[in-house]
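Biologist: Got a minute? I'd like to go through this model with you.
Modeller: Sure, let's open it.

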Amino acid sequence: MKRIGYIAVYLCLFCLLWFGWNDCCYGKETVVVIDPGHGGDNKGGEFEQYTEKYMDMEVAEYIVERLSEYDGVSVYLTHDDTETKDLTRKERATIANDADADFLISVHFNMSMNHNLYGTEIWTSAFSPYYYDGYRLGEIILEKNVEQLGLFNRGIKTRISDKTNKDYYGIIQNGVANGIPTIIIEHCHIDEERDREILKQADVLKNFGYNDADAIAEYFGLSSSKLGILNEVRKNTDIESTEDIIYPDTEKPHFVCAAIDTIDYDNNIAYIKLEATDNGSGLQYYAYCENRDDENVKLYPWNDDIDALYPTDNNQILVSIPLENTDKELYFAVYDKYDNRLTAEEVTVIPAIKTIDARENELNSDNEQNIVEITNSSDEKEDAKKNFNIVDAVIVCLLVIIAIASTVVLVYICRLDRIRKRKRKNVKRD
Ligand SMILES: [Zn+2]
């Protein structure tokens, strides 16, 4: 019995040591599961030479390559490029759950209906605490890809299914259902000009993968003795909300107004002042078109130094429009971070040539009028002067004649009077 007792004690000690050691060495290890989007027959987005499925896989493999160089982390793929079947969202989340993942990251590239959206974005769960985990990691990923690759930042967003009231995207919904923070990275748009320029950069998919991996390492505070990188857990200071559900922005921008500010006649450009506000997710793009409801338009970044001149604040920008040969009614529209659009009343833009002609005519006629006015007034004055002098001379002459005549008459009367008086005296003497 004693011997059995000793064996039991030894076994207990052994078990305690074994599990304790395991906890000590493996309990702290971070597990990250990377989910390359699509697979099998599901190729995802396809546009010209780009097929999303292959791009997702390549970026995911680069994430694994880079993240594996950090200490204290295990990183897995939900599937590799030999997979012939498109795994369901549930299967992918189950793989992450089986691996005891601390984070599930789904890798994608984007396309849009009108092929005009551009930029990089993150989708996270709308529900606390997963929203905040996704936001914290998403912000670091966006920061790296925006700063290092020159992408436009479309932000971190949520989407809720109308039917289920759960997260709309299956991978996020299934991930958080297993208690795993889950995000989708939409790296950029394969069908849009501006983003395709970025996709032409050398090693762009490798850079995406490495940036994502470095961001994950910063989020978890993973260091790499091999790469000589020392990270601490990066705390996000930007999150103010503590709400349980973070609803997506489904409202249009609150206000928009467009008006001609100035016209540069020398360079054939009209400057339009565009004023707008959005109380939800914030403004993202602006556009202009000739048909009010035209959605198939080129989008310009709101308040961006390159495309919008002299941004004064978040609510006002000055947009330059090259003037053409005919009058045009332009409709300006603004878009928020969720691509909700609000269109302003039309602005009539008159061609610069017409405007220059009109302006010159105006100036010429103004000058002619001025000249005429000046001529008219000087002639009148001259005439008036001449008239004044003649009248004056005539009056003076008349006055002189009257004066002389009256003097002559007076002298004559006096003389007559004297002659009469003498005659009377002579008559008396006689
Ligand atoms: Zn996709």
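Biologist: In what order do the strands of the open sheet run?
Modeller: Six strands form it, in the order β4-β1-β5-β8-β6-β7. The pairing is mixed. Keep in mind that this is a predicted model.

Biologist: Which strands stand at the edges?
Modeller: β4 (73-77) and β7 (153-157) do. Each has a single partner strand, so one side of each has no neighbour in the sheet.

Biologist: How much is the twist from one strand to the next?
Modeller: On average, 15 degrees.

Biologist: What holds paired strands together, generally?
Modeller: Backbone hydrogen bonds, with the strands either parallel or antiparallel.

Biologist: And β1 with β4, parallel or antiparallel?
Modeller: Parallel, over five bridges. β1 covers residues 30-36. One pair to look at is Thr 30 with its bridge partner Val 73 in β4.

Biologist: Which strands does α5 touch when it packs on the sheet?
Modeller: α5 touches β1, β5 (103-110), β6 (120-124) and β8 (182-189). Its direction makes about 155 degrees with that of β8.

Biologist: Is α5 mostly covered or mostly open?
Modeller: Mostly covered. Six of its eight residues are buried. They are Ile 171, Ile 172, Gln 173, Asn 174, Gly 175 and Val 176.

Biologist: What do those buried residues pack against?
Modeller: The buried residues of α5 pack against β1, α3, β5, β6, α4 and β8. Just after α5 comes Gly 179, with a positive phi of about 80 degrees.

Biologist: You mentioned α3. How do the axes of α3 and α5 cross?
Modeller: At roughly 35 degrees, and they come within 8 Å. Here α3 is residues 89-98 and α5 is residues 170-177. The crossing is right-handed.

Biologist: Which residues make the contact?
Modeller: From α3, take Arg 89, Lys 90, Arg 92, Ala 93 and Ala 96. From α5, take Gly 170, Ile 171, Asn 174, Gly 175 and Ala 177. By class, that is four nonpolar, three polar and three charged.

Biologist: New topic. How do the axes of α2 and α7 cross?
Modeller: At roughly 45 degrees, coming within 7 Å. That makes α2 oblique to α7. This crossing is right-handed.

Biologist: Which residues of α2 and α7 meet?
Modeller: On the α2 side, they include Met 55, Val 59, Tyr 62 and Ile 63. On the α7 side, they include Leu 205, Phe 208, Tyr 210 and Ile 216. Counting the whole contact, there are 11 nonpolar, one polar and five charged residues.

Biologist: Any odd backbone spots? What should I expect in general?
Modeller: Most residues other than glycine have a negative phi, and most peptide bonds are trans.

Biologist: So which peptide bond is cis, with omega near 0 degrees?
Modeller: The one from Ser 128 to Pro 129. Pro 129 sits in the loop between β6 and α4 (130-149).

Biologist: And where is His 115?
Modeller: In the loop between β5 and β6. His 115 has a positive phi of about 55 degrees, although it is not a glycine.

Biologist: How many other C-beta atoms lie within 10 Å of His 115?
Modeller: There are 14, and His 115 is partly exposed. Asp 203 also deserves a look: its phi is positive, near 55 degrees. Asp 203 lies in the loop between α6 (193-199) and α7 (204-220).

Biologist: Does Asp 203 count as buried or exposed?
Modeller: Exposed, with 10 C-beta neighbours inside 10 Å. The cut-off for exposed is 12 or fewer.

Biologist: Let's move along the chain. Which side chains of β10 point to the buried face?
Modeller: Ala 270, Ile 272, Leu 274 and Ala 276. The side chains alternate along β10 (residues 269-277). Ile 269, Tyr 271, Lys 273, Glu 275 and Thr 277 point to the other face and are not buried.

Biologist: How many bridges join β9 to β10?
Modeller: Nine, and the two run antiparallel. Ile 263 has Ala 270 in β10 as its bridge partner. β9 and β10 form a hairpin with four residues between them. In the turn, Asn 268 has a positive phi of about 65 degrees.

Biologist: And β10 with β14, parallel or antiparallel?
Modeller: Antiparallel, over seven bridges. There, Tyr 271 has Ser 320 of β14 as its bridge partner.

Biologist: Last one. How many helices and strands does the protein come to?
Modeller: Eight helices and 17 strands. Of the 430 residues in the protein, 32% are buried.

Key. Residues numbered from 1 in each chain as written. Predicted model: local features only at pLDDT ≥ 70, side-chain atom pairs only at ≥ 80, totals over all residues. Axes fitted to C-alpha atoms, helices over the stretch in contact; angles between N-to-C directions. Left-handed = near helix turned anticlockwise from the far one by under 90°. Contact = placed C-beta atoms within 7 Å. Nonpolar A, V, L, I, M, F, W, Y, C, P; charged D, E, K, R; others polar. Pairing = 2+ DSSP bridges. Buried ≥ 20, exposed ≤ 12 C-beta atoms within 10 Å, placed from the backbone. Parallel < 35°, antiparallel > 145°, perpendicular 65-115°, else oblique.
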